[in-house]
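Me: I should be grateful for a close look at the part of this model that holds the bound ligand. Please set out what surrounds it and how the neighbouring elements are arranged.

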Amino acid sequence: MRGMNVLVTGGCGFIGANFVQQQRRLYPQDRLIVLDALTYCGNLRNLEPLSGDRGLRFVKGDICDGDLVGKLLLEEEIDAICHFAAESHVDRSILGPLPFVQTNVVGTTVLLDAARNAGIGRFVHVSTDEVYGTLSPSDPPFTENTPLAPRSPYAASKAASDHLALAYAHTYGMPVIVTRCSNNYGPYQFPEKLIPLMILSAMADKPLPVYGDGQQVRDWIYVADHCAGIDAALRRGQPGEVYNFGGRAECRNLQMVHSILALLHKPQSLIRFVADRPGHDRRYAIDCQKAEQQLGWQARWTLADGLVETVRWYRENPAWCQSVQSGEYRTFFERNYADRLVTAKEVA
Ligand code: NAD
Ligand code: DAU
């Protein structure tokens with residue numbers, strides 16, 4: 001019997017690429033088809049360890065392209081979809097919300113519609129704890145029943161896509177599962193997000209910009225643990241259900257920056273307090289008991305160990321860091337692996 005054929009959207013981004021690499025290790029009998037538009041943060045170099053893997057196909061294309069998505073689902077006999085593709089950076093959404101509405105809301109709906117037409121057996125919609133809004137210091141962590149109260153254009157676009165995903169499950173009986181995770185960190189994260197930005201800046205003795213008073217709290221999860229959660233949702237999740245994932249590791253931003261500086265033996269004088277993010281959410285924290293009890297999932301990495309591993313990865317992968325910082329990554333794969341590159345035009 002053949003394994004599953006899984007469409008992974010956004011598989012060249014940070015979490016998607018970690019997920020693809022993890023899936024190929026765990027389920028060599030499955031086939032993965034990565035659909036990614038290679039936006040500014042999509043990096044084919046993130047899949048370089050899998051180059052030559054015959055169980056992986058890469059297609060460069062946009063999830064908003066309904067014809068392409070529909071053809072791919074049929075042509076590749078897709079059994080399941082893991083949907084990571086998104087505009088994911090809050091600061092960019094504040095500067096310009098429209099691409100977030102286009103990819104996160106319209107793109108997700110195009111994908112849901114194509115999946116419905118093709119009768120796909122499983123659709124995991126990867127979402128975020130930011131849809132729940134913000135917490136005060138004494139509030140209990142977010143559960144799956146916390147009302148949605150997004151506060152940034154990014155979070156609002158993800159909340160809209162969550163509503164659509166669950167509406168497709170309810171209205172059409174589609175086997176859609178929604179996952180909501182806290183802040184990820186680990187290898188291959190684009191250095192616009194807090195942890196990789198601070199690591200690369202500190203390594204280069206550049207200033208580290210801390211927004212506002214730096215007392216905002218995030219609940220950090222090592223990316224491999226999030227990927228294991230998505231895998232559990234894909235294989236054991238109940239259609240129509242939402243599962244939260246988190247690391248049970250709340251940390252203030254300033255504390256995080258101090259930890260990174262200490263690991264790199266760099267001085268705290270590199271820290272610069274800068275203007276706060278408009279509408280900055282003060283605290284996120286996730287209650288992930290449901291996933292622990294119903295999916296048999298558990299976060300394995302402590303924040304201390306995950307941070308050591310992450311700092312080690314960025315130090316030991318200067319070629320990746322340089323190619324991202326110089327912009328070379330945008331043409332890397334085409335130049336090196338053009339023979340295995342499939343474009344949307346070829347599929348269509
Ligand atoms: P990322 O920004 O690193 O990667 C996004 C990927 O999607 C990129 O490869 C990009 O090229 C691709 N993409 C963007 N628009 C596309 C389009 N229209 N068509 C096809 N591909 C497109 O994001 P990430 O941090 O890996 O996040 C992945 C998912 O997980 C997102 O849905 C995000 O909302 C969610 N999430 C992220 C975190 C986190 O801490 N990073 C936490 C919880 C949930
Ligand atoms: O909670 C999950 C979310 O986590 C995901 O859905 C998002 O895709 C992901 O980007 C992340 O959102 P945040 O806004 O929490 O992550 P970011 O790394 O941008 O910022 C983390 C915290 O650090 C936040 O409080 C803002 C602050 N910060 C960030 C940057 C980039 C700074 O103080 N300085 C910075 O330069």
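Reply: The account below begins with the ligand and then turns to one strand residue and one helix.

The model is a predicted one. Ligand 1 is surrounded by 28 residues, and the closest of these are I15, D36, S88, Y154 and K158. Sorted by class, this shell holds 13 nonpolar, 12 polar and 3 charged residues. Four elements each supply at least two residues of the shell: helix 1 (14-26), strand 5 (122-128), helix 5 (153-172) and strand 7. The largest share, 3 residues, comes from strand 5.

Several polar atoms of the protein lie at short listed distances from the ligand. S88, one of the closest residues, places an N or O atom of its side chain 2.7 Å from an oxygen atom of ligand 1. For T39, a polar backbone atom is 3.0 Å from an oxygen atom of the ligand. At T103, an N or O atom in the side chain is 3.1 Å from a nitrogen atom of ligand 1. Ligand 1 taken alone exposes 840 Å², and the protein buries 97% of that area.

Strand 7, which contributes to the shell, spans residues 183-185 and contains N184. Is N184 buried or exposed? With a relative accessible area of 8%, N184 falls under the 20% cut-off and is therefore buried. The side chain of N184 is joined to that of H226 by a polar contact of 2.8 Å. Leaving aside residues up to four places away in sequence, N184 touches F14, I15, Q189, W220, I221, V223 and H226. Among these contacts is I15, which is also one of the residues closest to ligand 1.

Strand 7 also meets helix 6, whose buried residues pack against this strand. Why can helix 6 (residues 194-203) be described as largely enclosed by the rest of the structure? The description holds because 7 of its 10 residues are buried. These buried residues are I195, P196, M198, I199, L200, S201 and A202. Besides strand 7, they pack against strand 8 (208-211), strand 9 (217-222), helix 8 (253-263), helix 10 (303-316) and helix 11 (318-326). Just after helix 6, D205 adopts a positive phi of about 55 degrees.

Strand 7 thus links the two parts of this account: it supplies at least two residues of the ligand shell, and the buried residues of helix 6 pack against it.

Key
Residues are numbered from 1 along each chain as its sequence is written. Chains are lettered from A and ligands numbered from 1 in the order in which they are written. This is a predicted model: local features need pLDDT of at least 70, side-chain atom pairs count only at pLDDT 80 or more; totals for chains, interfaces and linings use all residues. Side-chain values use heavy atoms; hydrogens and water are left out. Buried means under 20% relative accessible area, exposed over 50%, partly exposed in between (1.4 Å probe, protein chains only). A polar contact is a pair of N or O atoms within 3.5 Å; within protein, one must be able to donate a hydrogen and the other to accept it, and residues adjacent in sequence count only if both atoms are side-chain atoms. Contact means heavy atoms within 4.5 Å. A residue is near a molecule or strand if one of its heavy atoms lies within 4 Å of it. Accessible areas come from the Shrake-Rupley method with a 1.4 Å probe; for residues, only the protein chains shown count as cover. Ala, Val, Leu, Ile, Met, Phe, Trp, Tyr, Cys and Pro count as nonpolar, Asp, Glu, Lys and Arg as charged, and the others, Gly among them, as polar.
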